[in-house]
Amino acid sequence: MKSCVVLAFLLFSLVCLMYQASDACSCAMSHPQDAYCHSDIVIRAKVVGKKLLNDGPFGTLRYTVKQMKMYKGFDKIQHVQYIYTHDSESMCGVKFDINKYQYLITGRVHDGKLYTGLCNFNERWERLSLAQKKGINHRYQLGCNCRIKPCHYLPCFVTSKNECLWTDMLSHFGFPGYQSRHYACIQQKEGYCSWYRGMSARDKLVINTTDP
């Protein structure tokens, strides 16, 4: 009798785990440059409030933000005041702390509203590397015509001149990896794309124009 009870409990636990797995949000890994290039809006902002809206079968969270800087999307929204996301994390809703941190926030515009989620690139600003901040500021834009090709298993090859091979997934250190934090895939003068970490011509121009 005891063995039947144990077996029933294990079966129930397995069903619950399967239900949770099927109900969970699933996102493909994305390099920050891809997140930038595929987003309508990229901003740095502080989240100052939130409100639960009951529209549709699932709740929607509306975050009120204080925009610090807009990096992309001037033609979509002049100034972002609200950000929308699903209330449930199982529906890829994202949670922001209120009145604590500045965030890099990316998302898509629909009906004049900015929507974001767990599959978008949202991160506390101080956690970004210097290379990622430079990328968001201007460098990623230089590589939006390039394709970052993920490599999950060896061997991997590029198949066209506009591809950069992304191998962070092979690292033992996990994700995000070194290429994600320190490199951008930039189109060179010759027309091919390659990983770039050093100081670009635009970096030098910015430094020269800001020097006293």
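1. Let me start with the lining of the largest cavity in this predicted model. Ala131, Gln132, Gly135, Arg139 and Tyr140 take part in it, together with Ser180, Arg181, His182, Tyr183, Ala184 and Tyr196. Two helices, α3 (130–139) and α4 (178–182), each supply at least two residues of that lining. The biggest share comes from α3, with 4 residues.

2. On its size and character: the largest cavity holds about 40 Å³ of space, and the count of cavities of 30 Å³ or more comes to 1. Sorted by class, its lining has 5 nonpolar, 4 polar and 2 charged residues.

3. The largest pocket deserves a look next. Its volume is about 520 Å³. Of the 24 residues that line the pocket, Ser30, Ala35, Cys119, Asn120 and Phe121 lie nearest its centre. Here α2 (32–37), β4 and α4 each supply at least two lining residues, and α2 gives the most, with 3 residues. You will find α4 in both linings, since it also supplies at least two residues to that of the largest cavity. By class, the pocket lining divides into 11 nonpolar, 8 polar and 5 charged residues.

4. Now to the nonpolar cores. The largest one has 16 residues, and those with the most contacts inside it are Ile43, Val80, Ile83, Phe96 and Ile105. Three strands, β1 (41–53), β2 (60–72) and β4 (102–110), each supply at least two residues of this core. Apart from it lies another core, of 13 residues, which includes Ala35, Tyr36, Val42 and Ala184. Two of these names have come up already: Ala35 is among the residues nearest the centre of the largest pocket, and Ala184 is part of the lining of the largest cavity.

5. Val80 is a good residue to click on if you want to explore the largest core. Setting aside residues up to four places away in sequence, Val80 touches Ile41, Ile43, Val65, Gln67, Met70 and Leu114. One of these partners, Ile43, is itself listed with the most contacts inside the core.

6. Is Ser39 buried or exposed? Because its relative accessible area is 5%, under the 20% cut-off, Ser39 counts as buried. Ser39 sits in the loop between α2 and β1. A polar atom of the Ser39 side chain lies 2.5 Å from the backbone oxygen of Ala35. Beyond residues up to four places away in sequence, Ser39 touches Lys72, Thr106, Gly107 and Arg108. So this loop residue would be worth a moment on your screen, together with the oxygen of Ala35.

7. Glu126 makes a nice companion to Ser39. Glu126 belongs to the loop between β6 (123–124) and α3, and counts as partly exposed because its relative accessibility is 44%. Which residues does Glu126 contact, leaving aside neighbours within four places in sequence? They are Tyr101 and Gln102. The C-alpha atoms of Glu126 and Tyr101 are separated by 8.5 Å, with the two residues 25 apart along the chain. Closer in sequence, the Glu126 side chain makes a polar contact with the side chain of Arg124, at 2.8 Å.

How values were computed. Residues numbered from 1 in each chain as written. Predicted model: local features only at pLDDT ≥ 70, side-chain atom pairs only at ≥ 80, totals over all residues. Heavy atoms only, no water. Core = buried A, V, L, I, M, F, W, Y, C linked by side-chain atoms within 4.5 Å. Buried < 20%, exposed > 50% of the residue type's maximum accessible area, 1.4 Å probe, protein only. Contact = heavy atoms within 4.5 Å. 1 Å grid on protein atoms, 1.4 Å probe; cavity = no way out; pocket = protein on both sides within 12 Å on 5 of 7 lines; lining within 4 Å. Points joined across faces, edges and corners; volume = space filled by probe spheres on them. Nonpolar A, V, L, I, M, F, W, Y, C, P; charged D, E, K, R; others polar. Polar contact = N/O pair within 3.5 Å; in protein donor to acceptor, adjacent residues only side chain to side chain.
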